[in-house]
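Open the model in your viewer and keep the selection box ready. Each stop says what to select and what to look for.

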Amino acid sequence: MRYATIVDGAKHRLARENESGDWHPVSDETTLRDVIEGRQPSGYGDPVSGPDFALPYRPPTIYGIGLNFHDTVRDMGWETPTRPYLFPKLSSSACGPFDDIVIDETLTSRADWEAELAVVVGQRARNLAPEAAPAAIFGYTAANDISARDLQAADGQWVRGKGLDTFCPLGPVVVTAEEIGDPQSVGIRTWLDGNLVQDGNTRDMIFSVIDLLVYCSRHFTLFPGDMILTGTPAGCGDFRDPPIALRPGNTVEVEVSGIGRQRNRVTAPPS
(Lines give C-alpha, C1' and ligand atoms only; values in the text may rest on other atoms or scores of the structure.)
Protein backbone atom coordinates (compact mmCIF):
# COMPACT_ATOMS: atom_id res chain seq x y z
CA MET A 1 0.00 0.00 0.00
CA ARG A 2 1.17 3.52 -0.81
CA TYR A 3 0.04 6.51 1.22
CA ALA A 4 0.69 10.23 0.88
CA THR A 5 -0.51 13.58 2.08
CA ILE A 6 -1.68 15.72 -0.80
CA VAL A 7 -2.75 19.33 -1.17
CA ASP A 8 -6.48 19.25 -1.92
CA GLY A 9 -7.75 22.78 -2.36
CA ALA A 10 -6.98 24.63 0.87
CA LYS A 11 -6.46 21.40 2.83
CA HIS A 12 -3.80 18.75 3.28
CA ARG A 13 -5.47 15.35 3.05
CA LEU A 14 -4.40 11.75 3.41
CA ALA A 15 -4.57 9.86 0.11
CA ARG A 16 -4.05 6.26 -0.94
CA GLU A 17 -2.93 4.95 -4.32
CA ASN A 18 -5.01 2.22 -5.95
CA GLU A 19 -3.79 -0.51 -8.27
CA SER A 20 -4.30 1.72 -11.31
CA GLY A 21 -2.01 4.41 -9.91
CA ASP A 22 -4.83 6.82 -9.05
CA TRP A 23 -4.68 8.74 -5.78
CA HIS A 24 -7.88 8.87 -3.71
CA PRO A 25 -8.15 11.35 -0.80
CA VAL A 26 -9.92 10.34 2.39
CA SER A 27 -13.54 11.33 2.87
CA ASP A 28 -12.97 12.32 6.50
CA GLU A 29 -10.22 13.99 8.57
CA THR A 30 -8.02 10.90 9.08
CA THR A 31 -4.30 11.63 8.72
CA LEU A 32 -1.38 9.41 7.79
CA ARG A 33 -0.22 9.59 11.40
CA ASP A 34 -3.63 8.15 12.39
CA VAL A 35 -3.21 5.26 9.95
CA ILE A 36 0.29 4.54 11.25
CA GLU A 37 -1.21 4.39 14.75
CA GLY A 38 -3.84 1.89 13.58
CA ARG A 39 -6.89 4.08 12.92
CA GLN A 40 -8.51 3.72 9.51
CA PRO A 41 -10.55 6.32 7.59
CA SER A 42 -14.25 5.85 6.96
CA GLY A 43 -13.58 5.80 3.22
CA TYR A 44 -11.84 7.34 0.23
CA GLY A 45 -13.29 9.71 -2.33
CA ASP A 46 -12.89 10.23 -6.06
CA PRO A 47 -9.39 10.22 -7.56
CA VAL A 48 -7.38 13.42 -7.77
CA SER A 49 -5.67 14.26 -11.03
CA GLY A 50 -1.98 15.22 -10.74
CA PRO A 51 -1.79 15.21 -6.93
CA ASP A 52 0.45 17.77 -5.22
CA PHE A 53 2.44 15.83 -2.62
CA ALA A 54 3.16 17.49 0.74
CA LEU A 55 5.08 16.38 3.83
CA PRO A 56 3.61 12.90 4.51
CA TYR A 57 3.42 13.61 8.26
CA ARG A 58 5.62 15.17 10.91
CA PRO A 59 7.43 12.40 12.80
CA PRO A 60 7.36 12.79 16.58
CA THR A 61 10.98 11.61 16.87
CA ILE A 62 13.59 11.16 14.15
CA TYR A 63 16.62 8.99 14.86
CA GLY A 64 19.55 9.45 12.50
CA ILE A 65 22.24 6.85 11.87
CA GLY A 66 25.69 7.98 10.78
CA LEU A 67 28.46 6.04 9.04
CA ASN A 68 26.25 3.09 8.11
CA PHE A 69 27.50 2.35 4.58
CA HIS A 70 30.81 0.65 3.90
CA ASP A 71 31.49 2.93 0.91
CA THR A 72 30.73 6.05 2.98
CA VAL A 73 33.21 5.05 5.68
CA ARG A 74 35.86 4.52 2.99
CA ASP A 75 34.89 7.83 1.37
CA MET A 76 35.39 9.68 4.66
CA GLY A 77 38.51 7.80 5.71
CA TRP A 78 36.99 6.73 9.03
CA GLU A 79 37.11 3.34 10.73
CA THR A 80 34.11 1.02 10.40
CA PRO A 81 31.94 1.49 13.52
CA THR A 82 31.34 -1.46 15.81
CA ARG A 83 27.89 -0.22 16.83
CA PRO A 84 25.40 2.17 15.20
CA TYR A 85 26.34 5.85 15.37
CA LEU A 86 23.13 7.42 16.60
CA PHE A 87 22.07 11.08 16.67
CA PRO A 88 18.79 13.05 16.95
CA LYS A 89 17.23 14.77 13.98
CA LEU A 90 14.73 17.41 15.08
CA SER A 91 11.08 16.93 14.13
CA SER A 92 10.95 20.62 13.17
CA SER A 93 13.53 19.98 10.43
CA ALA A 94 11.05 17.89 8.40
CA CYS A 95 9.65 19.36 5.20
CA GLY A 96 7.88 18.11 2.10
CA PRO A 97 9.36 16.34 -0.92
CA PHE A 98 9.03 19.43 -3.14
CA ASP A 99 9.49 22.18 -0.54
CA ASP A 100 12.44 24.54 -0.64
CA ILE A 101 15.54 23.68 1.37
CA VAL A 102 16.34 27.01 3.03
CA ILE A 103 20.04 27.59 3.67
CA ASP A 104 21.05 30.63 5.69
CA GLU A 105 24.67 31.24 4.67
CA THR A 106 25.19 33.35 7.79
CA LEU A 107 24.72 30.08 9.75
CA THR A 108 26.42 27.51 7.51
CA SER A 109 28.60 27.48 4.41
CA ARG A 110 28.94 23.67 4.25
CA ALA A 111 25.43 22.29 3.85
CA ASP A 112 25.52 18.78 2.39
CA TRP A 113 23.08 16.20 1.01
CA GLU A 114 22.51 12.68 2.36
CA ALA A 115 19.95 10.47 0.58
CA GLU A 116 18.53 7.79 2.87
CA LEU A 117 15.94 5.08 3.29
CA ALA A 118 13.76 6.01 6.28
CA VAL A 119 11.97 3.42 8.41
CA VAL A 120 8.50 4.35 9.72
CA VAL A 121 7.83 2.68 13.08
CA GLY A 122 4.34 1.17 13.28
CA GLN A 123 3.97 0.05 16.89
CA ARG A 124 5.25 0.80 20.35
CA ALA A 125 8.47 -1.16 20.77
CA ARG A 126 11.01 -1.70 23.52
CA ASN A 127 13.78 -4.32 23.67
CA LEU A 128 12.83 -5.85 20.34
CA ALA A 129 14.21 -9.28 19.53
CA PRO A 130 15.47 -9.57 15.93
CA GLU A 131 12.67 -11.94 14.99
CA ALA A 132 10.05 -9.49 16.33
CA ALA A 133 11.49 -6.37 14.68
CA PRO A 134 9.85 -6.71 11.22
CA ALA A 135 6.39 -6.54 12.80
CA ALA A 136 7.28 -3.15 14.29
CA ILE A 137 7.75 -1.58 10.83
CA PHE A 138 4.79 0.22 9.28
CA GLY A 139 6.68 1.14 6.14
CA TYR A 140 9.35 3.25 4.50
CA THR A 141 9.89 6.61 2.89
CA ALA A 142 12.72 8.60 1.35
CA ALA A 143 14.70 11.17 3.33
CA ASN A 144 17.39 13.73 2.65
CA ASP A 145 19.39 14.20 5.85
CA ILE A 146 20.74 17.67 5.05
CA SER A 147 23.80 18.28 7.21
CA ALA A 148 25.69 21.47 8.04
CA ARG A 149 29.21 20.04 8.26
CA ASP A 150 30.74 23.19 9.74
CA LEU A 151 28.19 23.25 12.58
CA GLN A 152 28.77 19.55 13.25
CA ALA A 153 32.52 20.17 13.49
CA ALA A 154 32.15 23.30 15.64
CA ASP A 155 29.77 21.74 18.17
CA GLY A 156 31.13 18.22 18.45
CA GLN A 157 27.50 17.02 18.70
CA TRP A 158 25.09 17.27 15.83
CA VAL A 159 21.86 18.91 16.99
CA ARG A 160 22.45 22.19 15.13
CA GLY A 161 24.23 20.59 12.19
CA LYS A 162 21.37 18.19 11.53
CA GLY A 163 18.40 20.09 12.90
CA LEU A 164 17.98 23.36 11.01
CA ASP A 165 14.54 24.03 9.55
CA THR A 166 13.91 22.29 6.18
CA PHE A 167 16.97 20.05 6.68
CA CYS A 168 14.93 16.83 6.37
CA PRO A 169 12.82 16.54 3.20
CA LEU A 170 10.61 13.44 3.42
CA GLY A 171 8.46 11.56 0.90
CA PRO A 172 6.88 11.81 -1.57
CA VAL A 173 5.04 8.73 -0.27
CA VAL A 174 5.10 6.22 2.56
CA VAL A 175 5.13 2.65 1.29
CA THR A 176 4.04 -0.15 3.61
CA ALA A 177 6.58 -2.77 4.58
CA GLU A 178 5.13 -5.67 2.59
CA GLU A 179 5.33 -3.68 -0.66
CA ILE A 180 9.04 -2.91 -0.22
CA GLY A 181 9.80 -6.50 0.76
CA ASP A 182 13.53 -6.79 1.46
CA PRO A 183 14.80 -3.44 2.81
CA GLN A 184 18.38 -4.62 2.23
CA SER A 185 18.03 -4.39 -1.55
CA VAL A 186 16.90 -0.82 -2.16
CA GLY A 187 18.59 1.64 -4.51
CA ILE A 188 19.38 5.17 -3.30
CA ARG A 189 20.40 8.00 -5.63
CA THR A 190 20.96 11.76 -5.54
CA TRP A 191 21.27 14.31 -8.33
CA LEU A 192 22.63 17.82 -7.90
CA ASP A 193 21.50 20.14 -10.69
CA GLY A 194 20.87 17.09 -12.86
CA ASN A 195 24.23 15.42 -12.18
CA LEU A 196 24.22 12.03 -10.42
CA VAL A 197 26.25 12.38 -7.20
CA GLN A 198 25.10 9.36 -5.15
CA ASP A 199 24.30 5.89 -6.45
CA GLY A 200 24.15 3.26 -3.71
CA ASN A 201 22.13 0.34 -2.40
CA THR A 202 21.07 -0.65 1.11
CA ARG A 203 22.84 -3.99 0.66
CA ASP A 204 26.01 -1.99 1.49
CA MET A 205 24.74 -1.11 4.98
CA ILE A 206 26.97 -1.98 7.92
CA PHE A 207 23.95 -2.39 10.21
CA SER A 208 20.73 -3.66 8.66
CA VAL A 209 17.27 -2.18 9.19
CA ILE A 210 16.55 -4.95 11.70
CA ASP A 211 19.85 -4.30 13.50
CA LEU A 212 18.93 -0.63 13.85
CA LEU A 213 15.44 -1.31 15.18
CA VAL A 214 16.82 -3.74 17.75
CA TYR A 215 19.57 -1.31 18.77
CA CYS A 216 17.30 1.73 19.09
CA SER A 217 14.60 -0.16 20.98
CA ARG A 218 17.23 -1.46 23.40
CA HIS A 219 17.91 2.12 24.48
CA PHE A 220 14.59 3.94 23.89
CA THR A 221 10.91 3.20 23.58
CA LEU A 222 9.91 3.60 19.94
CA PHE A 223 6.42 4.90 19.21
CA PRO A 224 4.21 4.70 16.11
CA GLY A 225 5.27 7.39 13.68
CA ASP A 226 8.86 7.58 14.91
CA MET A 227 11.34 7.43 12.07
CA ILE A 228 14.83 5.95 11.71
CA LEU A 229 17.04 7.36 8.95
CA THR A 230 19.29 4.45 8.06
CA GLY A 231 22.40 6.19 6.70
CA THR A 232 23.64 7.39 3.34
CA PRO A 233 25.85 5.89 0.62
CA ALA A 234 29.06 7.49 -0.62
CA GLY A 235 28.98 10.65 -2.70
CA CYS A 236 28.24 13.44 -0.23
CA GLY A 237 29.58 16.83 -1.26
CA ASP A 238 31.77 17.69 1.72
CA PHE A 239 34.01 14.67 1.21
CA ARG A 240 34.76 15.36 -2.45
CA ASP A 241 37.96 16.88 -3.77
CA PRO A 242 37.28 19.74 -4.01
CA PRO A 243 34.29 19.79 -1.62
CA ILE A 244 30.86 20.83 -2.89
CA ALA A 245 28.31 22.60 -0.69
CA LEU A 246 24.65 23.25 -1.37
CA ARG A 247 24.02 26.86 -2.35
CA PRO A 248 20.87 28.89 -3.07
CA GLY A 249 20.02 28.24 -6.70
CA ASN A 250 20.86 24.52 -6.62
CA THR A 251 18.28 21.79 -7.11
CA VAL A 252 18.77 18.51 -5.27
CA GLU A 253 16.82 15.35 -6.13
CA VAL A 254 16.72 12.19 -4.02
CA GLU A 255 15.27 8.90 -5.25
CA VAL A 256 14.72 5.71 -3.26
CA SER A 257 13.66 2.69 -5.33
CA GLY A 258 10.05 1.68 -4.80
CA ILE A 259 9.21 4.96 -3.08
CA GLY A 260 9.81 7.80 -5.51
CA ARG A 261 11.77 10.97 -6.06
CA GLN A 262 11.98 14.25 -4.16
CA ARG A 263 12.94 17.46 -5.91
CA ASN A 264 13.90 20.42 -3.71
CA ARG A 265 15.19 23.82 -4.70
CA VAL A 266 17.79 25.38 -2.44
CA THR A 267 16.89 28.95 -1.49
CA ALA A 268 18.11 31.67 0.83
CA PRO A 269 15.89 32.79 3.72
CA PRO A 270 13.29 35.40 2.80
CA SER A 271 14.54 38.91 3.45
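The tour runs from the core to the sheets, then to one buried side chain and the salt bridges.

**Before you start**

This is a predicted model: local features need pLDDT of at least 70, side-chain atom pairs count only at pLDDT 80 or more, and totals for chains, interfaces and linings use all residues. Residues are numbered from 1 along each chain as its sequence is written, and side-chain values use heavy atoms, with hydrogens and water left out.

**Stop 1: the core**

Select Tyr140, Leu213, Ile228 and Ile259. Of the 39 residues in the largest nonpolar core, these four touch the most other members. A nonpolar core is a set of buried Ala, Val, Leu, Ile, Met, Phe, Trp, Tyr and Cys residues joined through side-chain atoms within 4.5 Å. Buried means under 20% relative accessible area, exposed over 50%, and partly exposed in between (1.4 Å probe, protein chains only).

Now colour by element. Those giving two or more residues to this core include β1 (2-8), β10 (115-121), β11 (137-144) and α6 (209-219). Helices (H or I, at least four residues) and strands (E, at least two) are DSSP runs, numbered from the N terminus.

Zoom in on Tyr140. Its contacts (heavy atoms within 4.5 Å) include Leu117, Val119, Val174, Pro183 and Ile259, leaving aside residues up to four places away in sequence. Another core lies apart from this one, with 19 residues, among them Val26, Leu32, Ile36 and Leu55.

**Stop 2: strand β5**

Select β5 (62-66). Are its faces covered or open? Both are covered: Ile62, Gly64 and Gly66 on one side, Tyr63 and Ile65 on the other, all buried.

Next, show the strands paired with β5. Two strands pair if DSSP finds at least two bridges between them. Strand β6 (residues 85-89) runs antiparallel to β5, with five bridges; there, Gly66 has Tyr85 as its bridge partner. Strand β17 (residues 227-229) runs parallel to β5, with three bridges. Ile62 stands opposite Met227.

**Stop 3: the open sheet**

Select β8, β19, β18, β15 and β16. In that order, these five strands form an open sheet of mixed pairing. β8 (101-102) and β16 (195-201) are the edges; each has a single partner strand, so one side of each has no neighbour in the sheet. Inside the sheet, β18 and β19 (residues 260-267) pair antiparallel over six bridges. One bridge partner to pick is Gln262, across from Val254.

**Stop 4: Asn264**

Stay on β19 and select Asn264. Its relative accessible area is 0%, so Asn264 counts as buried. What does its side chain reach at 3.4 Å? The backbone oxygen of Pro97. The backbone oxygen of Asp99 lies 2.6 Å from a polar atom of the same Asn264 side chain. Among the other residues Asn264 touches are Phe98, Ile101, Pro169 and Val252.

**Stop 5: salt bridges**

The structure holds 21 salt bridges, each a side-chain nitrogen of Lys or Arg within 4 Å of a carboxyl oxygen of Asp or Glu.

- Select Glu105 and Arg247: a salt bridge at 3.5 Å, N to O. Glu105 lies in the loop between β8 and β9 (111-112) and Arg247 in the loop between β17 and β18, so the pair ties together parts 142 residues apart in sequence.
- Select Glu255 and Arg189: a salt bridge at 3.7 Å, N to O. Glu255 is in β18 and Arg189 in β15 (residues 187-192), so this pair ties together parts 66 residues apart in sequence.
- Finish with Lys89, Asp112, Glu114, Asp145, Arg149 and Lys162, joined into one network by salt bridges that share partners.

Conventions
A polar contact is a pair of N or O atoms within 3.5 Å; within protein, one must be able to donate a hydrogen and the other to accept it, and residues adjacent in sequence count only if both atoms are side-chain atoms.
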